[in-house]
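The following exercises are meant to be worked through with the sequence and the coordinates side by side. Each task is followed by a solution in steps.

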Amino acid sequence: MQTIKGIDSGRAFDWGKTSQDYAKYRDIYPPQFYDKLIQRGLCVNGQTVLDIGTGTGVLPRNMYRYGAKWIGTDIAAEQIEQAKVLAKEQGMDIEFYTCQAEDLNYPDGTFDVVTACQCIWYPNHDLLAPKLAKMLKPGGKFLILYMGWLPFEDKIACRSEEIIHKYNPDWNGAGDTVKPVWIPPQYSEFFDITLEEQFRVAIPFTRESWHGRIRACRGVGASLSGEKLDAWDKDHRDMLMNEADEEFEIQHYIAIAELTLKGKNDNTDK
């Protein structure tokens, strides 16, 4: 279980509790998401990439075909077990390890790229920022990636948030709007921002896949338990039966930040 100041009023959450749903329902990034990285020449053949907060390995598994060597780490052992199973089923040679991001310990200059997808809020960046700077090769990239639904533009997403708040009023993941992904200030000492981009996408769902996607979020499956989770499940299913078609799209946006490691003259003494 984790508790983090500023997230859900300090309420505990555990991604391990939702690993099966995460593996089944959260592999939903559209082709445009991966295309943006490939167009930047990132996570491709000849590169070694570290994915922190990898979860069930969604990013490494979807980008495996582009030829990079991937290592994925996550604090939740259950997430890593799911990642290993899925990679093995797909015949992929990806290394996955259970490890807190702040405890990573790779030699200097190991990686061409480090990715943090959907997880930038969770690590202690006072510790992590200098570690990533050392583990990256000269000119290496740190990618911060995010995709969120847009409740003010999509009535089903809005209704889902209302039902989450009914059972978990501390959850502060609601009310998202299109904006740059958060770049923790600790990285300015070691990196230059070389790209910030946001764009809208419509993601297709069925009632079941959207229900699973919401159940796999921090405010539901990772934090609710027992009777509350059962009650949420019934309420959310009833809402979808009454208000959603069997197939529909949910409006999302994607935000990407590319940080490039500063030259030696910029951070030799840092």
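**Exercise 1.** Describe the secondary structure of the chain and its extent along the principal axes.

*Solution.* Begin with the secondary structure of this predicted model, which comes to nine helices and seven strands. Then turn to the C-alpha trace, which spans about 60 × 35 × 35 Å along its principal axes.

**Exercise 2.** Decide whether the radius of gyration of the chain agrees or disagrees with that of a compact globule.

*Solution.* For 270 residues, a compact globule would be expected to have a radius of gyration near 18 Å, and since the chain has 19 Å, the two agree. Next consider burial: 54% of the 270 residues are buried, where buried means under 20% relative accessible area. Finally, of the contacts with a separation of 6 or more, 78% are between residues 24 or more positions apart.

**Exercise 3.** Locate Asn168, determine whether Asn168 is buried or exposed, and list its neighbours.

*Solution.* First, place Asn168 in the loop that runs between helix H6 (155–167) and strand E6 (191–206). Second, assess its accessibility: Asn168 counts as buried because its relative accessibility is 0%, and the cut-off for buried is under 20%. Third, leaving aside residues up to four places away in sequence, Asn168 touches Arg11, Gly219, Ser223 and Leu224. With Ser223 there is also a polar contact, made between the side chains of Asn168 and Ser223 at 3.2 Å.

**Exercise 4.** How many positive and negative side chains does the chain have, and how far apart do the centres of the two sets lie?

*Solution.* Counting gives 31 positive and 41 negative side chains; comparing the centres of the two sets then gives a separation of 1 Å.

How values were computed
Residues are numbered from 1 along each chain as its sequence is written. This is a predicted model: local features need pLDDT of at least 70, side-chain atom pairs count only at pLDDT 80 or more; totals for chains, interfaces and linings use all residues. Side-chain values use heavy atoms; hydrogens and water are left out. Helices (H or I, at least four residues) and strands (E, at least two) are DSSP runs, numbered from the N terminus. Buried means under 20% relative accessible area, exposed over 50%, partly exposed in between (1.4 Å probe, protein chains only). A polar contact is a pair of N or O atoms within 3.5 Å; within protein, one must be able to donate a hydrogen and the other to accept it, and residues adjacent in sequence count only if both atoms are side-chain atoms. Contact means heavy atoms within 4.5 Å. The radius of gyration is taken over C-alpha atoms; the globule rule is 2.2 Å times the number of residues to the power 0.38. Lys and Arg count as positive and Asp and Glu as negative; His and the chain ends are not counted. The place of a charge is taken as NZ of Lys, CZ of Arg, CG of Asp or CD of Glu.
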